[in-house]
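I opened the notebook today to go through a few points one after another, beginning with the cysteines and going on to a helix and a sheet.

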Amino acid sequence: MKSMNAINRSRCLKCYALVLTLGLGQPREVVAGEPALDLAVPQVRMTLEGPMAARLDGIIHNWLIPAPDANPGMLEMMRLRDRTPPYESPVPWAGEFVGKYLTSCVLACRLSDDARLRDVTARVMRDLIQTQAEDGYLGPFPDNRLLSRWDVWGHYHCMLAMYLWHRDTGDADALQAAVRAADLMCTTFLDSGKRLHDAGSHEMNMAVIHVLGLLYRETRKDAYLQLMQQIEQDWQRPPAGDYHRLALQGIEFYQTPKPRWESLHPMIGLAELFRVTGDDSYRQALVHWWQSIYRTDIHNSGSFSTNEQAVGNPFQPGAIETCCTVAWMAYSVEALWLTGDSRIADALEHATWNAALGHQHPSGRWCTYDTPMNGKRLASAHSIVFQSRPGTPELNCCSVNGPNGLGLISQWAVLGGSSGLYVNYYGPGKTEVQLEDGSRWSFVQTTGYPVTGSVELEVRPPQATALPLLLRIPRWSLETKVAVNGVPLDNVRPGAYLKIERTWTPGDKVTLELDLCLRALRGDHHVQFHTSLLRGPILLTFDQKFNTMDPADVPELDLASLPLEPLPADDPILKDRPLGPIVALATQAAEGQRVVLCDFGSAGAYGTLYRSWLPVHNAPLAPFQLQYPEANAVLPVEQVSLAWNRAEPGSVYELRIAADANFQTVLLHATDLEAAEFTWTAPLDLPEDRAAATYYWQVESRHGERRAGAANGPLSFTLDARVQTSLRGVVVRAALAGTPEPQDGRLLVSEDIAPAAGRDGAAQGAVAFNGTSTKLVYDAPQFPLRTYTFAAWFCPQGLEADGRRWHQIVSAWCEPVNDPLRVSVQDLELVVSIEQPNGGCRLSGGRVENGKWAHVAVVKKFTELTLYVNGKQAGRASVPASYQPGPKNVGIGCNPNYTGPEVFQGHLAQVLFVREALPEEEIRKLADIP
């Protein structure tokens, strides 16, 4: 007979064999035409206990209560907007600070009965309302009100806080203030010749659609619905996000025009459009975006964003901003309300115990801007101190928003109403729920969760009442036991709700034994193919503080035999309050060393280095992703270059291309590929009745006897005879011999261009750029994202070191973090600086001289970018196989889509921009080298 330890070890080995790639279990797809669901959201008051209560108390007493007095400019910036001088140069989003702060307070009030917190919230709300202008304006800016900056975005956050406070307290003044602000927006943007789209910063300012929906349902003012409809129409106008149509087309979020985190707030407006119109396509769109982000961009801690946006890979390094994670959690709440899918609640729990606790210091005094998967936690007041001003030394977008990560518990802990109550949150404490009929239910949890998996839930209805109770069974809990008053229940399935239909009487007890089996999430090359270990909702993390070895010396752990022993309650590590970990387990490395792993939410609290990606033997195969063609790409009928990122060292690949999604008609089956790329010559004769054909492709890696398919595959692409080539042909050829007119290509903009002497001194051999206002922009259809060559002659005039200002020779910048072709002079240094959300690069071409002509060329050949100066190679870098779509034009001597001072100063001539990656001998000819 096996020992209990042997049985448990066998069970856990089965559990870890369930390979996790980019998510923690994918929720089901929403099917068009299925009955729409919108769960009732009851009024909830919670009294938390245990570690979550301790963390919340720290936030309340060390941040939320003292913040307004320590940062009085939070409100003073509003009072000073019409004074001389006004508030000192507020950042474009400064108007959000007090709104986000108040939302944090309102949600925290639902989780605490702290009288001081309630008093501070009421006082700051009252003071904010008193700063409102007569016309309803709520921002800090003296000019261009609602018409520029992120001004409407700031109003959105203030209005949302006012609405929530009104719903919780009945404060009529708060509702009226929100209504007055909404009325001002309607006056400004309806039948006025102006549209909200004109305010710019589209993913930010269009977020107001969310609160307009809330206010419309509260007041039934038709103007609010009209403005919502205008915003939804203008989503389709570039460069806005087109959130409704693109979702119905199945586009991944990271491929949209606006993949930044702020987009999640206008996307919540999809829920309001569904609620006020009944059109289920809005609900489907919202859930599609949730699934896309969850599948491609949620990190091991449950957090969202890489450098403040989606990039399509959750392992890629980059800042993981607190505001991004809070927005993701708020968006997840809406998705849960609209689906009743327990796995969305799983994702919320995972983010709460790891990401939300991780970005907020255990003392509650400060939060981070970036909470990396490996690294150190830095206070946002330090890392984004540029947002502070006199009177607001600690204010920034994250410090006021971070507490919402915990506050949102109130919006998903218990849902439903008279047709059934959904219990989602597990943890010690009491939850009081008021249903739509006015009846009150209470749930009291006695548990050591998440340290242990045992939960006792006492049900307290107002009297004996028949009502379904639906308990969330986490997807990771493969073997869960549930009993009511000691009687075991059957049909307990992971990743679903267990529906218990009975007549409940006060004092009934439900017990759950959740399976805290160890799970493994393998990372890709961005994290050196290391592994994350998870136990229940907790991401286990190595913290330098609790171990004798340093982070660089973490020994390899063996997943096949990895004992995990919770530290006893009297262990000094656990007794170290308030900074000690919530969960701490000791294990033994393969070489015998003792390693302590703690919960991610506590790691790094002392300023120590931590690691959530660990060296693990016998881990699942490393995931990899298909890179190009991207999902749903539409390409010209020509050779197709396919690329994927490498799996772990020693892997070989198997590629299949098929004519159908089920891979019944396989057109190509290539095996034992060592390179992570392949060129396919597609059938050039399309069916007679079609101008386009769609193909499906998938790659499988093999390492020894183990196999794994690409995590994001299969993908599809379409070859369309109507699409111009992106691999061949000239984009722009312009001699610039005294005139901007191109020999090939189309001129879009020419401002302040003057003829200049050329390389040989002849008049009108070049054109001159004045360093301030000159602008020369050409059309760039089918912008080459995979291969290209740019070449030009340039001669700086009067340049000097000026604080690394950009003097663009060429730029294709189209939006933040998207410039696939930038060659500039900075402080008399020639530089190539590519900006891409999935990884850019910088190459130096060395010093330049005023008055001296030089030739520059940049060649992109899929993953390789090469810089040539005067015909000789000057630098080479690895880049993504395909750059981010978006560019539609190219600026010569300027930034084509930015009005700032990025103009070249000097002469330019003989510009060439082609789609091919020209060989070195062609570059030498362009540079006049025989």
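Cysteines. I looked for disulfides in this predicted model and counted zero. For C105 I checked the closest cysteine sulfur, which belongs to C109 and lies 6.6 Å away, too far for a bond because a disulfide needs the two sulfurs within 2.5 Å. I also noted that C105 is buried, its relative accessible area being 0%. C397 is likewise in no disulfide, since the sulfur nearest to its own, that of C398, is 3.9 Å away, and I recorded C397 as buried too, at 8% relative accessibility.

Helix 2. I then turned to residues 50-64, a helix of 15 residues that reaches 20 Å from its first C-alpha to its last, close to the 21 Å expected at 1.5 Å a residue. Which residues of helix 2 are buried? I listed M52, A53, R55, L56, G58, I59, I60, W63 and L64. When I followed where these buried residues pack, I found strand 1 (43-48) together with helix 3 (67-70), helix 5 (96-109), helix 6 (115-130), helix 16 (342-359) and helix 18 (404-407).

Sheet 24-26-29. I traced an open sheet of three strands in that order, with antiparallel pairing. Strand 24 (626-628) and strand 29 (677-680) are at the edges and have a single partner strand each, so one side of each is left without a neighbour in the sheet. From one strand to the next I noted an average twist of 25 degrees. Looking at one pairing in detail, I saw that strand 24 joins strand 26 (residues 640-644) over two bridges in the antiparallel sense, and that L626 stands opposite W644 of strand 26.

Technical notes:
Residues are numbered from 1 along each chain as its sequence is written. This is a predicted model: local features need pLDDT of at least 70, side-chain atom pairs count only at pLDDT 80 or more; totals for chains, interfaces and linings use all residues. Side-chain values use heavy atoms; hydrogens and water are left out. Buried means under 20% relative accessible area, exposed over 50%, partly exposed in between (1.4 Å probe, protein chains only). Helices (H or I, at least four residues) and strands (E, at least two) are DSSP runs, numbered from the N terminus. The expected span of a helix is 1.5 Å times one less than its number of residues. Contact means heavy atoms within 4.5 Å. Two strands pair if DSSP finds at least two bridges between them. Axes are lines fitted to C-alpha atoms, for helices over the stretch in contact, and angles run from 0 to 180 degrees between N-to-C directions.
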